[in-house]
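Colleague: Before we get into it, could I see the sequence and the model together? Then I'll start with the charged pairs.

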Amino acid sequence: MAKLQDIIQWCDQTLKSTEFKDYAPNGLQIEGKTEVRKILAAVTASQDAIDAAIRENADLLLVHHGYFWKGEAYPITGMRGKRIKSLIQHDISLLAYHLPLDSHPSLGNNAAIADLLKLERIEALDPSERHPIGNIGYLNQPMP
């Protein structure tokens, strides 16, 4: 078992979440239980992911796409309201990391895709970025 705050601190530090200007808040978005026994991870905080977290008795849902995007309406209604209500009713925390998770050189989405495709000579798409969120890689051999 781990403390929710320890998980948040580790994620924030490891992913350097405060160093990004992002379209959504990174980190804790909905607080549930303070003790975490089970984490469910998903790309998006969809109703399917929430239902799976409920079914699996997860204490924390860790996602790439959470809630509260810039430019979105503020009222917590409709689909988003239903999802948030489900998390709160089941005391499940929502932790989301968007650009920091794209960018991380070993844990990030770009790194995972580059590894799966066996890309070589990985470099930043924009070398002037402190934490590049886009990368270029090269195939050793062409692939269909």
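Colleague: Which side chain does Lys3 meet in a salt bridge?

Modeller: A salt bridge here is a side-chain nitrogen of Lys or Arg within 4 Å of a carboxyl oxygen of Asp or Glu. Lys3 has such a contact, at 3.1 Å from N to O. Lys3 is in β1 (residues 2-3) and its partner in β3 (residues 35-36), so the pair ties together parts 32 residues apart in sequence. The partner is Glu35.

Colleague: Hang on, what are the ground rules for these numbers?

Modeller: This is a predicted model, so to speak of local features we need pLDDT of at least 70, side-chain atom pairs count only at pLDDT 80 or more, and totals for chains, interfaces and linings use all residues. Residues are numbered from 1 along each chain as its sequence is written, and side-chain values use heavy atoms, leaving out hydrogens and water.

Colleague: Fine. How many salt bridges turn up in the whole structure, and is Asp59, in the one with Arg37, buried or exposed?

Modeller: A search of the whole structure finds six. In the one between Arg37 and Asp59, the closest N and O atoms are 3.6 Å apart. Arg37 sits in the loop between β3 and β4 and Asp59 in the loop between α2 and β5, so parts 22 residues apart are tied together. Arg37 is exposed at 59% relative accessibility (exposed is over 50%, buried under 20%, partly exposed in between, with a 1.4 Å probe and protein chains only), whereas Asp59, at 0%, is buried.

Colleague: Which residue does Glu56 pair with?

Modeller: Their side chains meet at 3.8 Å, N to O, in a salt bridge. It links distant parts of the chain, with Glu56 in the loop between α2 and β5 and the partner in the loop between β3 and β4, 18 residues apart. Glu56 is partly exposed at 38%, and the partner is partly exposed at 36%. That partner is Lys38.

Colleague: And which residues are joined into one network by salt bridges that share partners?

Modeller: We've already met two of them, Arg37 and Asp59, as a salt-bridged pair. The full network is Lys33, Arg37 and Asp59.

Colleague: On to the backbone: which residue in strand β7 has a positive phi although it is not a glycine?

Modeller: Most residues other than glycine have a negative phi. Asn57, in the loop between α2 (47-55) and β5, has a positive phi of about 55 degrees and is exposed at 55% relative accessibility. The β7 (residues 120-124) case has a phi of about 45 degrees and is exposed at 56%; it's Arg121.

Colleague: What's the volume of the largest pocket?

Modeller: A pocket is an open set of 1 Å grid points where a 1.4 Å probe fits, with protein on both sides within 12 Å along at least five of seven lines; lining residues have an atom within 4 Å of a point. This one is lined by 17 residues, with Ser103, His104, Pro105, Pro132 and Asn135 nearest its centre. α1 (4-15), α4 (99-103) and α5 (109-116) each supply at least two lining residues. The volume is about 240 Å³.

Colleague: Which element gives the largest share of the second largest pocket's lining?

Modeller: That pocket, about 180 Å³, is lined by 13 residues, and Cys11, Leu15, Leu62, Tyr97 and Leu101 lie nearest its centre. At least two residues come from each of α1, β4 (39-44) and β5 (60-65). The largest share, four residues, comes from α1.

Key
Grid points are joined across faces, edges and corners, and a volume is the space filled by probe spheres set on the points.
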